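Got the viewer open? Here is a short tour, stop by stop, with something to select at each one.

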Amino acid sequence: SLPTAAGRRVREARLPGVFVVPDTHRRYPQGTSLGPILGWTGVATRVEMKRWPDLPLGAVVGRTGLEQMYDPILRGTDGRQCVYVTPAGTPVALGPYTAPRRGSTVGLTLDMGLQRKLTRELATVLLGVPGQPRGDLGGSVVLDPRNGQVLAMASLPGYDSRVFGPPVHNRELGRLAHAPASPMLEHVTQ
């Protein structure tokens, strides 16, 4: 994996037998603040392959949260690059190329300052309730009463969507799958 600028320099060098193949990945800069809301992605199952027959084998689709709800809008379409190879499988030239089509952008009404504050307050309440063991679950939501827009939505315990990769962090996923209070669920709506 190379940064974009380095990949461009390698491509421009036109080194024989070296091909730069772009790859995409999702970024989750807010970490655990939005994990349960945004959800996560994974390789398409038979159900998704049947639902969207144009998905290529191994396609990554939204599995939960907003990633799942808006997957067809966010996904876009894959590009294609034909690579000519020798009978031994050594790449020798590039053939026809179809550029990928970027997916659409979805705008949210979340206020990140309010989101962080709501998450902190929910954690304080859950830890401060007498007789309740640490790690209990809870959810909280702040709506704009004028229009119903979701301004903040906290779900605890939560998770960081980055554990789903790439690369997948198997140890952390195993811990989350067996953790008490189901951190993989978004506790406001589920």
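Which charged end sits over the ring of Trp52? Select Trp52 and Arg75 together: the charged end of Arg75 is the one, 4.8 Å from the centre of the ring. Keep in mind as you click around that this is a predicted model.

**Next stop: the rings**

Colour the aromatic side chains. Searching the whole structure turns up two aromatic pairs. Start with Trp40 and Phe164, which are stacked, with 4.1 Å from centre to centre and 5° between the planes. Now zoom out and trace the backbone, since this pair links distant parts of the chain: the two residues are 124 apart. Trp40 is in the loop between helix 2 and strand 1 (41-43), while Phe164 belongs to the loop between strand 6 (150-156) and helix 7 (170-178).

Keep Phe164 selected and add Tyr159. Here the ring centres are 5.9 Å apart and the planes stand at 80°, so this pair counts as edge-to-face. With Trp40, Tyr159 and Phe164 all showing, you have a cluster linked by ring pairs.

Are these rings buried or exposed? Switch on the surface and go through them one by one. Tyr159 has a relative accessible area of 2%, so it is buried. Phe164 comes in at 11% and is buried too. Trp40 has 19%, and because the cut-off for buried is under 20%, Trp40 still makes it.

**Then: a hairpin**

Switch to cartoon and select residues 80-85 and 91-98. These are strand 3 and strand 4, running antiparallel and joined by five bridges. At one end of the pairing, what stands opposite Val85? Pro91 in strand 4 does. Now look at the stretch linking the two strands: they form a hairpin with five residues between them. Pick out Gly89 in that turn and check its backbone, where phi is positive, at about 95°.

**Last stop: Ser33**

Where is Ser33? Look in the loop between helix 1 (4-13) and helix 2 (35-38). Ser33 is buried, with 17% relative accessible area. To see what surrounds Ser33, hide its neighbours within four places in sequence; beyond those, Ser33 is in contact with Met112, Gln115 and Arg116.

Key
Residues are numbered from 1 along each chain as its sequence is written. This is a predicted model: local features need pLDDT of at least 70, side-chain atom pairs count only at pLDDT 80 or more; totals for chains, interfaces and linings use all residues. Side-chain values use heavy atoms; hydrogens and water are left out. Helices (H or I, at least four residues) and strands (E, at least two) are DSSP runs, numbered from the N terminus. Buried means under 20% relative accessible area, exposed over 50%, partly exposed in between (1.4 Å probe, protein chains only). Contact means heavy atoms within 4.5 Å. Two strands pair if DSSP finds at least two bridges between them. Rings of Phe, Tyr and Trp (its six-membered ring) pair if their centres lie within 6.5 Å; planes under 30 degrees apart count as stacked, over 60 as edge-to-face and the rest as tilted. A charge sits over a ring if NZ of Lys or CZ of Arg is within 6 Å of the ring centre and within 35 degrees of the ring normal.
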